[in-house]
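This report describes the fold of one protein chain for a reader who is new to structural biology. Please keep the sequence and the three-dimensional view at hand while reading.

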Amino acid sequence: MNPSQRIALNTAATYVRSVLGVALALFSSRWVLNSLGQTDFGLFYLVGSIIVFITFLNSIMSGSVGRHYAYAIGQGDPAEVNRWFNAALSIHLLLATALIILGWPIGEYVIEHKLTIPADRIIACVTVFRISLASAFASMVSVPFVAMFMAKQHIAELSIWGTLQSILIFTLAYILTSVSGDRLLFYAFGMVIILVFIQASQLLRAVFVFRECGVVYHQWFDRTRMKKIFSFASWSLFGGLGVTLRNQGSAILLNLFFGPSVNAAYGIANQVSSQTNQLAAAMLGAFSPEITASEGRGDRDRMLSLAMRSCKFGTILVLLFAVPLMVEIDYVLVLWLRVPPDYTALLCQLILCTFLIDRLTAGYMLAVNAYGRIAAYQATLGTSLLLTLPLAWLFLKLGYAPTSVGFAFIATMAVCSLGRVYWVRRLFGVPISRWLSTVLLPCVIVAIASAFAAAAPRLILSPSFLRLILASVSSIVATLLVSWFLAFDDNERNFFSQNMRRMYWKLCGGSNSGK
């Protein structure tokens, strides 16, 4: 299978998985909210935000490890990939141990003395934190194994595991509706069991499939490779810290100013936006290994071309579902939750806008990561994102509504995206005008057409399920048509046409699969 076919297959697999995951998550969230109540629902996501503060290193290290895997794969050296794996495994065992030793007392202190939590729920929240920390430990140890799936572009298989996880969480949410006793603890224990099972299964599968995942003890603690992994990760950490403080720090700010009930609204808004964002992450996940491998092979032109396409395609994938959701958000929330918490609708719309702005330059982020020299880039962008928290604090201190946090998200993400465009011009000489004409202008045209199509049924129908269906269908059709005829160039149309034909023949078992 050539790289273009693999990208198409991986994108299709992850997109289908993401659509199913979105549907299951939206249904299950309603059951969880109704079963736990607004206070416990908000507390669950509040305690989860502390876990993210401790374990956001996980995603940072995963990106660093995956980048070095993919670069070595691009150079065609399996032994080198195995050396990187063993260096990464030793690092993650150390980090996972440090996570328990340091995270346990710090997290409990914050819960017991710093957060606004009802006195009768403190013990439950501490228990949830402890079992969540165990899940974080397992997740961190599995990173070197799961990163190999991404680097080797076995993303379709990861989609199967992701689908299984979504089904199990959906089942847990359904069971929660009929459970007696402390439902918060039951839900937390169930989530940890599911996550640990999936991570352990992926780890064992990686050992079975990839010979590069062979453990060689004398390759552990390789100082040269550990230094390179930590060097790349340390600067990614700065950018990741900005994202973590923005997302999870805002949850803590809202708790301090308004209490757990507003955390429920913020948690729902984050669920909606994160599930929609998975659709775009499907595209980025499919493109990322090939972008890095192309840089490893020395094919800079292909690397930049793929990065540009991932900006455009990722944005359009988000538009497919974000636009009708934003237009009909009030009805969707009532249909989904019956009585949604206050401020949920506008928070959802604002955070979805933040993701759209992020997608416009997400491919450029992949290009800089593939290049490897990320210090100045991450310093600039990390600083931009770090400004979200003080800006949100200022808005809340001045007496603005909880939704003002969403406006802080949009402002700093816009600065971050412009920073990515600047650094790609500086590092690779790609003119800013190329991004404007190739990505921004086509995506704006698609967004406008999609918004008008989604809003049209509002002129003739009152809020109803029929209007939601009409708005969704008309918006999706408009997005696809305008994208095909106005946003895509000839090469992109050929890319889709050829790979769709190949996938059709493969699925149908035809003999013309090579045509």
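The following paragraphs treat the chain as a whole, then its helices, its cores, its salt bridges and its surface.

**Overall character**

The structure is a predicted model. The secondary structure of the protein chain consists of 17 helices and zero strands. The chain has 515 residues, of which 53% count as buried. Its accessible surface amounts to about 21,800 Å², and 67% of that area belongs to carbon and sulfur atoms. Among the contacts between residues at least 6 apart in sequence, 83% join residues at least 24 apart.

**Two helices and their lengths**

Helix 5 covers residues 183–209, which makes 27 residues. From its first C-alpha to its last, helix 5 reaches 39 Å, close to the 39 Å expected at 1.5 Å a residue. The buried residues of helix 5 include Leu184, Tyr187, Met191, Ile194 and Ile198. Polar residues also appear in that list, among them Gln199, Ser201 and Gln202.

Helix 10 runs over residues 344–359 and has 16 residues. The expected span of helix 10 at 1.5 Å a residue is 22 Å, and its end C-alpha atoms are 23 Å apart, which agrees. How many of the 16 residues of helix 10 are buried? The number is 12, so helix 10 is largely enclosed by the rest of the structure. Among these buried residues are Leu347, Leu350, Ile351, Leu352 and Phe355, as well as Asp358 and Arg359.

**The nonpolar cores**

In soluble globular proteins, nonpolar side chains tend to be buried together. In this model, the largest nonpolar core has 89 residues. Tyr187, Ile291, Tyr364 and Phe428 are the residues with the most contacts inside this core. Helix 8, residues 300–327, provides the largest share of this core, with 14 residues. Apart from this core lies another one, of 26 residues, including Trp84, Ile91, Leu95 and Cys213.

Beyond its neighbours within four places in sequence, Ile291 is in contact with Met303, Leu306, Ala307, Ser310, Leu366, Ala367 and Ala370.

Two residues of helix 8 may serve as further examples. Thr315 is placed in helix 8 and is buried, with a relative accessible area of 3%. Not counting residues up to four places away in sequence, Thr315 touches Leu356, Arg359, Leu360 and Cys443. Val323 also belongs to helix 8. With a relative accessible area of 8%, Val323 is buried, because buried means under 20%. Leaving aside neighbours within four places in sequence, the contacts of Val323 are Ser450, Ala451, Ala454 and Ser475. Val323 and Leu352 are 29 residues apart in sequence, while their C-alpha atoms are 9.0 Å apart in space.

**Salt bridges**

How many salt bridges does a search of the whole structure find? The search finds four, and the table presents three pairs, with the distance between the closest N and O atoms.

| Residue | Partner | Closest N and O atoms |
|---|---|---|
| Arg458 | Glu328 | 4.0 Å |
| Arg467 | Glu328 | 3.0 Å |
| Asp358 | Arg359 | 2.6 Å |

Salt bridges that share partners join Glu328, Arg458 and Arg467 into one network. Arg458 lies in the loop between helix 15 and helix 16, and Glu328 in the loop between helix 8 and helix 9, so this pair ties together parts that are 130 residues apart in sequence. Arg467 lies in helix 16, so its pairing with Glu328 ties together parts that are 139 residues apart in sequence.

Is each partner in this network buried or exposed to some degree? Glu328 is buried, with a relative accessible area of 2%, and Arg467 is buried at 6%. Arg458, at 41% relative accessibility, counts as partly exposed. In the remaining pair of the table, Asp358 is buried with a relative accessible area of 10%, and Arg359 is buried with 6%.

**A nonpolar patch on the surface**

A nonpolar patch on the surface has about 1,000 Å² of accessible area, and its residues include Leu335, Leu441, Ile445, Phe465, Trp484 and Phe485. Helix 15 and helix 16 each supply at least two residues of the patch. Helix 16 gives the most, with eight residues. Leu481, another residue of the patch, lies in helix 16 and is partly exposed, with a relative accessible area of 47%.

Technical notes
Residues numbered from 1 in each chain as written. Predicted model: local features only at pLDDT ≥ 70, side-chain atom pairs only at ≥ 80, totals over all residues. Heavy atoms only, no water. Patch = residues over 30% accessible without salt bridge, like charges linked within 9 Å, V, L, I, M, F, W, Y side chains within 5 Å. Areas by Shrake-Rupley, 256 points an atom, 1.4 Å probe, with all protein chains shown as cover. Salt bridge = Lys/Arg side-chain N within 4 Å of Asp/Glu carboxyl O. Helix = DSSP H or I, 4+ residues; strand = E, 2+ residues; numbered from the N terminus. Buried < 20%, exposed > 50% of the residue type's maximum accessible area, 1.4 Å probe, protein only. Core = buried A, V, L, I, M, F, W, Y, C linked by side-chain atoms within 4.5 Å. Contact = heavy atoms within 4.5 Å. Expected span 1.5 Å × (residues − 1).
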